[in-house]
Amino acid sequence: MMVSAENNKKGLPEGLWAKCTKCEQIIFQKDFEENFMVCPKCGYYVRLNSKERIKFLTDSNSFKEINADLKPVDVINFPGYKEKKDSYKIKDAICTGEAKMGGYPVAIGVMNFEFMGGSMGAVVGEKIFRLIERAIEKKLPVILVTASGGARMQEGILSLMQMPKTSAALAKLAKKGLPYISVLTDPTMGGVAASFAMLGDVIIAEPNALIGFAGPRVIEQTIRQQLPKGFQLSEFLLKHGMIDMVIERKNLKDTIIKLIKFFVFKTK
């Protein structure tokens with residue numbers, strides 16, 4: 001979180017310093033970015049938007065966005081939805097395109113929790129579908145980075161339809177022998193977790209990421225039992241065989257590059 005001149009009583013200039021949202025440690029912004037937006041004091045992982053995530057994961061200036069003009073439509077006339085979606089500077093909750101990682105070409109999509117909690121509506125599903133179709137055409141591996149509260153209720157059944165739509169596209173990708181690497185970040189919940197997020201050939205998660213369908217409180221109220229400590233965190237899922245790796249953010253790019261090289265370029 002950036003420290004602004006308005007809310008900082010010490011008068012620190014905006015953009016020069018950052019403040020950890022968990023331990024409230026004041027950190028020099030440049031040092032914070034060099035540490036991949038992870039607090040050096042408490043280890044808290046600050047949520048990244050699409051732009052920041054793409055910067056950390058892809059080779060410099062290699063990302064070329066596709067389908068950037070797609071934006072959601074208030075098809076079912078949900079009260080307040082039009083005003084809500086139009087209030088954001090970005091058009092929807094995912095950015096997709098082609099890039100290079102370690103010199104290797106990839107098709108990559110990165111979700112953005114800043115847009116309506118990263119909720120999956122028709123545009124998110126369509127952009128993922130088109131990204132996968134492009135990857136099949138160009139024989140590229142697919143990388144999807146999730147950060148979402150789940151399906152977008154303001155689009156009703158249209159949002160739920162994106163679950164089978166994206167899953168079917170990934171099945172087609174698999175038949176072509178092209179790999180899909182899923183990267184789960186905090187949080188990855190609801191319909192996103194119940195569809196494409198958990199269908200990766202390799203599923204990677206960042207440390208302490210909340211991953212699941214319903215929230216812990218809802219589950220406890222439903223089953224009337226206390227959940228185990230750390231339930232739905234990435235380390236718990238790794239221990240119980242739900243994901244393949246928990247990788248620190250600083251090592252994430254190198255890990256994905258190794259997987260790409262193994263799956264796609266091992267014979268070259």
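Helices and strands are taken here as DSSP runs, numbered from the N terminus. On that basis, Glu24 is found in the loop between β1 (17–19) and β2 (26–28), and the description below extends from such local features to the sheet and the helices that accompany it. The model is a predicted one, in which the chain averages a pLDDT of 92 and 94% of the residues score at least 70. Confidence is low in one stretch in particular, since pLDDT stays under 50 over residues 1–9; for these residues the model has 20 contacts beyond four places in sequence.

The sheet is open and consists of seven strands, arranged in the order β3-β4-β5-β6-β7-β8-β9 with mixed pairing. Its edges are formed by β3 and β9 (245–246), each of which pairs on one side only. Strand β3 (residues 64–66) is joined to β4 by three bridges in the antiparallel sense, and within the neighbouring strand β4 it is Glu98 that stands opposite Lys64.

Strand β4 (residues 94–101) is itself largely enclosed by the rest of the structure, because seven of its eight residues are buried, that is, they have under 20% relative accessible area. Its pairing with strand β5 (residues 104–111) is also described as antiparallel, and extends over eight bridges. Two of the residue pairings between these strands may be named: Met101 has Tyr104 of β5 as its bridge partner, while Ala99 has Val106, likewise in β5. The two strands form a hairpin with two residues between them, and in the turn Gly102 adopts a positive phi of about 65°.

Helix α10 lies across six strands of this sheet, namely β4, β5, β6 (142–148), β7 (180–188), β8 (202–205) and β9. With respect to β8, the helix runs at about 175°, an angle that falls in the roughly antiparallel class because it is over 145 degrees.

Helix α10 (residues 249–263) also packs against helix α2 (residues 50–57), at an angle of about 60° and with the two axes 9 Å apart. That angle makes α2 oblique to α10. On the side of α2, the contact is made by Arg53, Phe56 and Leu57, whereas α10 contributes Arg249, Leu252, Lys253 and Ile256. By residue class, the contact of α2 with α10 comprises four nonpolar and three charged residues, with no polar residue among them.

Several features of the backbone geometry deserve separate mention. The peptide bond that leads from Asp186 to Pro187 is cis, with omega near -10°, and Pro187 lies within strand β7. Positive phi values in residues other than glycine are found at Glu24, where phi is near 65°, and at Asn77, where phi is near 55°. Glu24, in the loop between β1 and β2, has a relative accessible area of 52% and is therefore classed as exposed, the cut-off for that class being over 50%. Asn77 belongs to the loop between β3 and α3 (81–86); with a relative accessible area of 61%, Asn77 is exposed as well.

Key. Residues are numbered from 1 along each chain as its sequence is written. This is a predicted model: local features need pLDDT of at least 70, side-chain atom pairs count only at pLDDT 80 or more; totals for chains, interfaces and linings use all residues. Side-chain values use heavy atoms; hydrogens and water are left out. Axes are lines fitted to C-alpha atoms, for helices over the stretch in contact, and angles run from 0 to 180 degrees between N-to-C directions. Helices (H or I, at least four residues) and strands (E, at least two) are DSSP runs, numbered from the N terminus. Angles under 35 degrees count as roughly parallel, over 145 as roughly antiparallel, 65 to 115 as roughly perpendicular and the rest as oblique. Contact means heavy atoms within 4.5 Å. Ala, Val, Leu, Ile, Met, Phe, Trp, Tyr, Cys and Pro count as nonpolar, Asp, Glu, Lys and Arg as charged, and the others, Gly among them, as polar. pLDDT is the predictor's confidence in each residue, from 0 to 100. Buried means under 20% relative accessible area, exposed over 50%, partly exposed in between (1.4 Å probe, protein chains only). Two strands pair if DSSP finds at least two bridges between them.
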